[in-house]
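This report covers charged pairs and a surface patch in one protein chain. The sequence and structure come first.

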Amino acid sequence: MSLEPALALGARLQVQMLWEGVGYLADLGLWYEGAVQFGLLEAYIHEDLGEFGLSLGKRRDYSGPWDDTLVGRDGRWGVFARYRPAEVSGLGLEVAYLPNAGLAGGQGFVGAGAGIFQLGTFVEIVQIPNGLGELKPSLSLYPRVGLQGQEVEVFWQSDRGFWSRASLPLPLGQALGWVLQCPCNADTEAWALILDRSRFEISVWWNPEWDYLGENSPFLPQERLRAWLQEPRKLLLGMAYSWNEQLRLAVDLSRAPVEALRVYFQLHWQ
């Protein structure tokens, strides 16, 4: 694993508006990371029809860490519909159609949520060969289940593996006050308030190779569990410290499929 310094810069422009009950959102990103890149991270129109909601465009609802860019997570194009019955608080049902590039097929999604719990599956029609060497349509399901709160999310998706994020407050201001035996002067109190806004973030994305546990595994039976744990398709670990919602110091460590280490600063300005 080699370490090479590199410069990366990025900017985002987000526009939101509400006109005659219809919401509009556009989130554009421009960044340099070895080459200049431009992307429309999110762009959709949304209409709230009481218990029903309908969106058309590009949303992040079904994205994951594989869609992350330097300036944020990328979304997927599609048609999104949600139903939240008023008589059952916290319950929601959702369906979506997510076409592939060039409108050559796509995936459907059917799911439900109750509070922080989410459960659903992607549905896709694929062509597989039969015994005569011909292709026949088959239905593939990719379940997705998880918990999503304001500070913590944990998900599993059959074709993407496990991923999790947590953003926890760091009571550094309280620690400073305890060390200095506050009450203190106004400047120190101001610093303590700023430090209490800092947060510690951790993220994990682990996508194991399930075939290593099966009968067709290339490993001996006594080696399969070790290979499944130590040789995943993807393993990415991340840690970050955010100060005052503007300055962020982060470290990303990739162990598979390639080994890489990235240390970077992010400055957020609005």
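R255 and E259 form a salt bridge, with their closest N and O atoms 3.3 Å apart. The model is a predicted one. R255 has a relative accessibility of 43% and counts as partly exposed. E259 is also partly exposed, at a relative accessible area of 44%. Both values lie between the cut-offs of 20% and 50%, so neither residue is classed as buried or exposed.

Elsewhere, salt bridges with shared partners connect R12, D27, E42 and R60 into one network. Across the whole structure, a search finds 14 salt bridges. Among them is the bridge between R60 and D27, whose closest N and O atoms are 2.8 Å apart. This pair links distant parts of the chain, the two residues being 33 residues apart. R60 sits in the loop between β4 (52-59) and β5 (68-69), whereas D27 belongs to strand β2. D27 is classed as buried because its relative accessible area is 0%, under the 20% cut-off. R60, at 22% relative accessibility, counts as partly exposed.

A further salt bridge joins the side chains of R73 and D68, at 2.7 Å from N to O. Here R73 is buried, with a relative accessible area of 14%. Its partner D68 counts as partly exposed at 33% relative accessibility.

The three pairs are set out below.

| Salt bridge | N to O distance | Relative accessible area, Arg | Relative accessible area, acidic partner |
|---|---|---|---|
| R255 and E259 | 3.3 Å | R255, 43% | E259, 44% |
| R60 and D27 | 2.8 Å | R60, 22% | D27, 0% |
| R73 and D68 | 2.7 Å | R73, 14% | D68, 33% |

The surface also carries a nonpolar patch. Which residues make this nonpolar surface patch? L7, L9, L30, Y32, V36 and F38 do, and the patch has an area of about 660 Å². Strands β2 (22-33) and β3 (36-49) each supply at least two residues of the patch. Strand β2 is therefore an element that contributes to the nonpolar patch and also holds D27, the buried partner of R60.

One of the patch residues, F38, is placed in strand β3. Is F38 buried or exposed? F38 is exposed, because its relative accessible area of 57% is over the 50% cut-off.

Note on methods: Residues numbered from 1 in each chain as written. Predicted model: local features only at pLDDT ≥ 70, side-chain atom pairs only at ≥ 80, totals over all residues. Heavy atoms only, no water. Patch = residues over 30% accessible without salt bridge, like charges linked within 9 Å, V, L, I, M, F, W, Y side chains within 5 Å. Areas by Shrake-Rupley, 256 points an atom, 1.4 Å probe, with all protein chains shown as cover. Salt bridge = Lys/Arg side-chain N within 4 Å of Asp/Glu carboxyl O. Helix = DSSP H or I, 4+ residues; strand = E, 2+ residues; numbered from the N terminus. Buried < 20%, exposed > 50% of the residue type's maximum accessible area, 1.4 Å probe, protein only.
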